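Student: Please take me closely through the largest pocket, and then show me what lies beyond it.

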Amino acid sequence: MSDRIPVQIVEIAEPSTFKKKPASSDRQIHTRSFTGLFRNLRLAGAGFLFLLFFGTVWLNWGGRQAVLWDLADSKFHIFGATFWPQDFILLSALLIICAFGLFAITVFAGRVWCGYTCPQSSWTWIFMWCEKITEGERNQRIKLDAAPWSLNKLARRSAKHTLWLGISLLTGLTFVGYFTPIRPLAEELFTLQLGGVSLFWILFFTGATYINAGWLREAVCMHMCPYARFQSVMFDKDTLTVAYDPARGESRGPRKKEIDHKAKGLGDCIDCHMCVQVCPTGIDIRDGLQMECIGCAACIDACDSIMDKMGYARGLVGYKSEHTLQGGTTNWLRPRLLGYVTALVVMIGALVIALQQRPMVSMDVIKDRGLFRENNAGQIENIYTLKVINKTQQAQHYRLRLLDAEGFELHGKTEFSLAAGEMSDLPVSVAMLAERPQSSSQDISFELIDTDEPGIRSVAHSRFVAPLNR
Ligand code: SF4
Ligand code: SF4
């Protein structure tokens, strides 16, 4: 028998070049199931994400839902702390920190976010698992696709879509549960008493999950996600990406396990296509770095298992930088990465300090539209409304006074209490004691002090207006 081995010669792309492929959304991708280190890491990442998403919404803290964005009252409760619209600058800072974190991790290891923790990928993996348990392994699914409609096909398809819809409904309910208390929401939904806005949003997110994770899948990553488009500008020659080592793999071709393939001029790639069959986006990693690659590392696990079977060293497909593919070494401590990490550390530090120093009482002063008036005592008087928010989790007692305002007198309620998280509008007036004002407009400051904890205070500034000629 001839021991000649067909060798396929391929053009190897520059690793940093993104190749355009025909859209995979126009072909059905059936992935092969596999096991391995990176699959386990991804399961752990997705498991953590699911636990966080589905579990946190059911936690209570201090007698109320632990994490709740109360849209009606414009408050965000998170584990005993309440944030008001005035604090949303902190939320913006948190989002900027997350963006920098994503940039840093992308410079370091490419699309690990996409592969391991992105909700789109994680929900897609769950939906693919549903597909596997209802319609069988890859070959069975391909056969089922091609088969005419039968009772068996109908039953399997119905089971798959029922599971998909069940997970989608849970996802929609949970998502809306972060904005409307989840317990009454779930009770009303499952007793068919829910209506109006909440029902609309639950159905909306149910539909979005079902379509995105069940039907669109990798098309979302390729055509809808902006991150897939701009990630390439963050990559450098030391970024770790999932890559095939052509110097080691080529020339590729099938062979018997026991032959000395090097002596036959063959590389380590046996051209088994396992790396293609497990790929959720249906690409061939051996064609070089491609925009469709979400960095899930499924092809690493698949290829490593083949290398084990052949008795070759693992890592023909692995996390590699362009420098290592060119025979060099990866430079870990590079300025761009250090810059992102430094910016990240500084921003996290600043956010922690800002959170610690967040005022626990806030006061805004709104001057009445009328400029001034004369009161019963013949004094010039200005009217103000003070908006006071108790941001603590307990009732507090406050004292109000004017700051450095010689010649002025504060009239109205100067001592009052607010319940935990209460917001109150307090009308007050300020009277000028002098007969003749020095100027038509003067600065005036109000100070609010917590009588039990004087460290809790707020100062708000406004203007006092008076006529120069009386
Ligand atoms: S090429 Fe590999 S890492 Fe990229 S999407 Fe396909 S299986 Fe995942
Ligand atoms: S799984 Fe490995 S050996 Fe098989 S085709 Fe892919 S790169 Fe080659």
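Tutor: What follows starts with the pocket, moves on to the two ligands and ends with a set of strands. The model is predicted, so local features need pLDDT of at least 70 and side-chain atom pairs pLDDT 80 or more, whereas totals for chains, interfaces and linings use all residues. Residues are numbered from 1 along each chain as written, chains are lettered from A and ligands numbered from 1 in the order written, and side-chain values use heavy atoms, without hydrogens and water.

The largest pocket (an open set of points on a 1 Å grid over the protein atoms alone, where a 1.4 Å probe fits, with protein on both sides within 12 Å along at least five of seven lines) holds about 1700 Å³ of space, a volume filled by probe spheres set on the points. Its lining (residues with an atom within 4 Å of a point) counts 42 residues, and those closest to the centre are Leu49, Phe53, Leu95, Pro119 and Phe175. Helix α2, a DSSP run of H or I with at least four residues, spans residues 88-109 and gives the most to this lining, namely nine residues. Sorted by class, the lining of the largest pocket has 32 nonpolar residues, nine polar ones and one charged one, where Ala, Val, Leu, Ile, Met, Phe, Trp, Tyr, Cys and Pro count as nonpolar, Asp, Glu, Lys and Arg as charged, and the others, Gly among them, as polar.

Turning to the ligands, the residues around ligand 2 (with a heavy atom within 4 Å of it) include Tyr244, Asp271, His273, Arg286 and Val317. The elements that give two or more residues to this shell are α12 (274-277) and α13 (298-310), and by class the shell around ligand 2 has nine nonpolar, one polar and two charged residues. Around ligand 1 there are 13 residues, of which Cys279, Cys293, Cys296, Ala297 and Cys299 come nearest; the shell around ligand 1 divides into 11 nonpolar, two polar and no charged residues.

Last come the strands, which are DSSP runs of E with at least two residues and which pair if DSSP finds at least two bridges between them. Strand β15 (residues 441-450) runs antiparallel to β11 (residues 396-403), joined to it by six bridges, and Tyr398 stands opposite Asp450 in β15. With β16 (residues 457-465), β15 pairs in the antiparallel sense over nine bridges; Leu448 has Ser458 in β16 as its bridge partner, and β15 and β16 form a hairpin with six residues between them.
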